[in-house]
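This briefing goes through charged residues, their pairings and their exposure. It is meant to be read beside the model.

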Amino acid sequence: MDDVFYEKALYRILQGRFRLTLGDLVLFIYEPDRELLEESYDIYDEAYKKAYFRGVYLKKELLEVLVDNDLWTPFDDREAEKIEKEIENLKVEAFRSFFDSKKLRGIKARIRANERGFFKYKSKKMSLDHVSCEGVASFSKNVWLISQCTKLKDGSDYNWDKHPISTIMEHYTSEQLGQETIRAVARQEPWRSMWKHGKASGVLGKPACDFTRDQLSLCTYSSMYDNVYESPESPNEKVLEDDDCLDGWFIVQKRKYEKDKKQKEVDDMITNPKIANSQEVFVVAKDNEAAQEIYGLNNPLARSTIQNRKNVIDEAGGEISFTKFHDVRQDIAMESHKAAISKMKGGR
């Protein structure tokens with residue numbers, strides 16, 4: 001995308017409207033204000049009640065229909081979670097491989113493939129949402145909002161004589177600005193200067209509760225980039241221009257923070273003077289995830305020792321004396337050697 005595309009997107013966001021040209025007809029679809037949004041929930045409630053008393057399924061009731069027709073299972077959600085974690089790991093890998101362009105292209109291709117897989121699994125559960133009470137009510141609410149927010153160039157209401165509301169909704173939905181576009185707008189000119197010099201007086205000239213959805217996203221991303229620039233561990237300037245790599249940087253920072261926090265929690269647990277100087281301390285984990293977090297606090301040598309002990313236990317069939325572990329035998333031998341040397345020195 002070129003600079004003109006992002007400038008056009010910026011001024012669309014600032015104006016809070018979408019300009020739609022259909023032949024010689026020009027329409028403006030404005031983002032709803034607080035008053036309209038409040039009223040739209042009355043439309044939602046009315047449509048929901050009508051659908052419910054007509055016997056339309058609730059979303060939670062449709063889950064059984066999905067399972068019975070092999071359209072969705074809880075397994076799909078678990079697969080989506082696995083893919084989501086894989087995407088996180090790939091973004092970390094992308095960040096660490098930023099200066100290896102060939103490797104980075106391959107990682108990005110895998111990220112996009114995983115994103116498609118994630119969407120496929122997540123969308124299964126929502127495949128019948130549109131025929132639920134909630135789906136019918138949401139559609140009615142959105143139709144009403146479009147009908148109230150669509151205006152002619154002179155600001156008067158459109159009378160829907162040339163194009164039905166369904167056509168306008170299709171164009172409006174398909175032309176929504178993606179988060180990638182809003183992120184790009186937030187980190188470049190002319191918005192960066194507007195944001196920098198306008199924060200004190202209010203860059204949009206209105207309270208945050210009156211921001212449109214895209215305006216709120218734009219300001220949120222702008223604050224995010226401010227935090228990155230101000231971080232003592234701020235990445236290379238070029239990394240900020242790559243969403244995947246910057247996401248990877250955020251994940252690295254988050255994991256580091258969580259590890260340090262967990263380390264502090266463990267340190268606080270072992271402040272008891274009776275165990276503070278112990279060679280080994282066992283911490284009880286509430287579940288497998290917590291166990292993995294605690295395991296990650298061990299240094300590489302400790303993790304190697306844990307793995308070696310596990311291998312010895314597996315070889316012994318699941319049960320073994322503590323003194324049979326290789327590292328314990330080495331410690332015993334070392335202590336015996338020290339004691340022998342001390343005894344020899346004492347006998348002189």
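Asp-33, Glu-35, Glu-38, Glu-39, Asp-42 and Asp-45 form a negative surface patch. The model is predicted. It holds 23 salt bridges, and three of the pairs are described below, followed by some single residues and one helix.

**Negative patch**

- Glu-35, one of the patch residues, is located in helix α2, which covers residues 34–53.
- The relative accessible area of Glu-35 is 58%, so this residue is exposed, the cut-off being over 50%.

**Salt bridge between helices α12 and α5**

- Asp-244 and Lys-108 form a salt bridge in which the closest N and O atoms are 2.9 Å apart.
- Because Asp-244 belongs to helix α12 (residues 243–269) and Lys-108 to helix α5 (residues 101–125), the pair ties together parts that are 136 residues apart in sequence.
- Asp-244 is buried, with a relative accessible area of 6%.
- Its partner Lys-108 is partly exposed, at a relative accessible area of 22%.

**Salt bridge within helix α5**

- Glu-115 and Arg-112 are joined by a salt bridge between their side chains, at 2.8 Å from N to O.
- Both residues lie in helix α5, and they are three residues apart, about one turn of the helix.
- An α-helix has 3.6 residues a turn, so residues three or four places apart point the same way.
- Glu-115 has a relative accessibility of 28% and counts as partly exposed.
- Arg-112 is partly exposed too, with a relative accessible area of 32%.

**Salt bridge between helices α8 and α12, and its network**

- A salt bridge links the side chains of Arg-183 and Asp-243, with an N to O distance of 3.4 Å.
- Arg-183 lies in helix α8 (residues 179–186) and Asp-243 in helix α12, so this pair ties together parts that are 60 residues apart in sequence.
- Lys-91, Arg-183, Arg-187, Asp-243 and Asp-247 are joined into one network by salt bridges that share partners.
- Arg-183 is buried, with a relative accessible area of 8%.
- Asp-243 has a relative accessibility of 16%, so it counts as buried, the cut-off being under 20%.

**Cover of helix α8**

- Helix α8 is mostly covered, since six of its eight residues are buried.
- These buried residues are Thr-181, Ile-182, Arg-183, Ala-184, Val-185 and Ala-186.
- Arg-183 therefore appears both among the buried residues of α8 and in the salt bridge with Asp-243, as well as in the network.

**Arg-309 in helix α14**

- Arg-309 sits in helix α14, which spans residues 300–315.
- With a relative accessibility of 13%, Arg-309 counts as buried.
- Leaving aside residues up to four places away in sequence, Arg-309 touches Glu-280, Phe-322, Phe-325, Asp-327 and Val-328.

**Glu-64 in helix α3**

- Glu-64 is placed in helix α3, made up of residues 59–68.
- The relative accessible area of Glu-64 is 56%, and the residue is exposed.
- Glu-64 and Phe-75 are 11 residues apart along the chain, and their C-alpha atoms are separated by 14 Å.

Conventions
Residues are numbered from 1 along each chain as its sequence is written. This is a predicted model: local features need pLDDT of at least 70, side-chain atom pairs count only at pLDDT 80 or more; totals for chains, interfaces and linings use all residues. Side-chain values use heavy atoms; hydrogens and water are left out. Patches are made of residues with over 30% relative accessible area and no salt bridge: like charges are joined within 9 Å, nonpolar side chains (Val, Leu, Ile, Met, Phe, Trp, Tyr) within 5 Å. Accessible areas come from the Shrake-Rupley method with a 1.4 Å probe; for residues, only the protein chains shown count as cover. A salt bridge is a side-chain nitrogen of Lys or Arg within 4 Å of a carboxyl oxygen of Asp or Glu. Lys and Arg count as positive and Asp and Glu as negative; His and the chain ends are not counted. The place of a charge is taken as NZ of Lys, CZ of Arg, CG of Asp or CD of Glu. Helices (H or I, at least four residues) and strands (E, at least two) are DSSP runs, numbered from the N terminus. Buried means under 20% relative accessible area, exposed over 50%, partly exposed in between (1.4 Å probe, protein chains only). Contact means heavy atoms within 4.5 Å.
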